[in-house]
Amino acid sequence: MTGSDELRDLSIHSGFQNWIELFAPSHERVIVQLEDLLDRVAVRGGIEDSGKLKMAVREIIANAIEWGNRKDESRKIKVSYCLFRDRLVFKIEDEGEGFKPDEVFDPSTDPFGGVLERLDAGKRFGGYGMVMVRNIMDEVLYNDRGNVVLLTKYLDE
Amino acid sequence: MPEGRRVTARRHGEVAIFQLRGALDHEAAAEVIEQIKRTFPAGRGRIVLDLSDVTFVRSSGIGGVVQISFDHELRVVGAVGDVKKTFELAEADRILCFVDDIDQALASFEMSG
């Protein structure tokens, strides 16, 4: 696979080293295509453990594809990243109807209650992605509609 | 574990031991759950989940493991390094029973009667 093949699904709208903005179709293969980019972002931000950063961004992108855009490839996800002096900020946006993060069951407070709630709602098992993201990133903010999320990681001075 | 198979199962008395390879994601967890249903069609069973050959864990896979522990008596073995760390980040380590190896898992079932 060549470098261009690896990024074939991504439409890059801003390619500055400290500010990248791209669009991608709602397919899980783009998560793999973004791995290399996330590695480079971590290096530029001086983050030694890129694994956790990638895990958090991957979870949000996977949610945008599955729950936001319902895997409809005609709908795009928009991924932006800005490197500031003291922080890394990711913005991930989908074209879905959005959701209310405060109304989503938090399995870290009642894991088995979460299992029952998801079974009752006819959802597949899961629900741990947001817990992981909140434990990895320093800030997780949603817009009112719930289809745009900002992830912030403060950098060590 | 035979090449190409993500999940293999074997029995040790009344305990079913499932070994995963590669990614523990939604598909792998769903496959284990299906095999568990076939192994214990009447309901609750004793299960060891061996993650020593797992290289990558997705949150959806963790959800599957938690569901297994909800429905059955579960011991998780072989979770080390990044695999264990992922369970910790999801805070699922607080409710799952991790033990070092299969022998310890089997012994813990015997101790619990």
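Begin by selecting strands β1 (residues 11–16) and β2 (residues 19–25) of chain A, which pair in the antiparallel sense over 5 bridges. To see one of these pairings at the level of residues, display A:S11, whose bridge partner in β2(A) is A:F23. The model on the screen is predicted, and colouring by confidence is a useful preliminary. Chain A has a mean pLDDT of 87, with 95% of its residues reaching 70 or more. Among the elements of that chain, β5(A) has the highest mean pLDDT, 97, whereas helix α1 (residues 3–6) has the lowest, 50.

**The sheet of chain A**

Extend the selection to the whole sheet. Its 6 strands form an open sheet in the order β1-β2-β3-β4-β6-β5, with antiparallel pairing. At the edges lie β1 (11–16) and β5 (139–142) of chain A, each of which pairs on one side only. Viewed across the strands, the sheet shows a twist that averages 15 degrees from one strand to the next.

Helix α3 (residues 50–68) of chain A should be added now, as it packs on the sheet. This helix touches β3 (76–83), β4 (87–93), β5 and β6 (148–154) of chain A. Its direction makes about 15 degrees with that of β4(A).

**Moving through the strand pairs**

Next, select β3(A) and β4(A), which are paired in the antiparallel sense over 6 bridges. The hairpin that joins β3(A) to β4(A) passes through 3 residues. Within this pair, A:V79 has A:I92 of β4(A) as its bridge partner.

From β4(A), proceed to β6(A). These two strands run antiparallel and are joined by 7 bridges. Two partners can be displayed here: A:K91 is bridged to A:L150 of β6(A), and A:V89 to A:T152 of β6(A).

Keep A:T152 in view and turn to the other neighbour of β6(A). Which residue stands opposite A:T152 in the pairing with β5(A)? It is A:E139. β5(A) and β6(A) pair in the antiparallel sense over 4 bridges. Their hairpin has 5 residues between the strands, and in it A:G146 takes a positive phi near 90 degrees.

Helix α5 (residues 129–136) of chain A is the next selection. It lies across β5 and β6 of chain A and runs at about 130 degrees to β5(A).

**Enclosed spaces**

Switch on the cavity display. How many cavities of 30 Å³ or more does the structure hold? There are 2.

The largest cavity contains about 70 Å³ of space. It is lined by 13 residues, and those closest to its centre are A:G114, A:V115, A:R118, A:F125 and A:G126. Select α4 (111–120) of chain A and α2 (59–71) of chain B together, since each supplies at least two residues of this lining. The greatest contribution comes from α4(A), with 5 residues. By class, the lining of the largest cavity has 6 nonpolar, 4 polar and 3 charged residues.

Now move to the second largest cavity, with about 50 Å³ of space. Select its lining residues: A:I20, A:L22, A:L37, A:L38, A:V41, A:V79, A:S80, A:Y81 and A:F90. A:V79, met earlier as the partner of A:I92, is part of this lining. At least two lining residues each come from β2, α2 (29–44) and β3 of chain A. The lining of the second largest cavity divides into 8 nonpolar residues, 1 polar residue and no charged residues.

**The largest pocket**

Finish at the largest pocket, which holds about 1,100 Å³ of space. Of its 50 lining residues, select the ones closest to the centre: A:N63, A:W67, A:R118, A:R124 and A:M130. A:R118 is already familiar, being listed among the residues closest to the centre of the largest cavity.

Widen the selection to the elements that give two or more residues to the pocket lining: α2, α3, α4, α5 and β6 of chain A, together with α1 (26–39) and α2 of chain B. The largest share, 9 residues, is that of α3(A), the helix already seen packing on the sheet. Colouring by class gives 18 nonpolar, 14 polar and 18 charged residues in the lining of the largest pocket.

Notes
Residues are numbered from 1 along each chain as its sequence is written. Chains are lettered from A and ligands numbered from 1 in the order in which they are written. This is a predicted model: local features need pLDDT of at least 70, side-chain atom pairs count only at pLDDT 80 or more; totals for chains, interfaces and linings use all residues. Side-chain values use heavy atoms; hydrogens and water are left out. Two strands pair if DSSP finds at least two bridges between them. Axes are lines fitted to C-alpha atoms, for helices over the stretch in contact, and angles run from 0 to 180 degrees between N-to-C directions. Contact means heavy atoms within 4.5 Å. pLDDT is the predictor's confidence in each residue, from 0 to 100. On a 1 Å grid over the protein atoms alone, a cavity is a set of points where a 1.4 Å probe fits but cannot get out, and a pocket is an open set with protein on both sides within 12 Å along at least five of seven lines; lining residues have an atom within 4 Å of a point. Grid points are joined across faces, edges and corners, and a volume is the space filled by probe spheres set on the points. Ala, Val, Leu, Ile, Met, Phe, Trp, Tyr, Cys and Pro count as nonpolar, Asp, Glu, Lys and Arg as charged, and the others, Gly among them, as polar.
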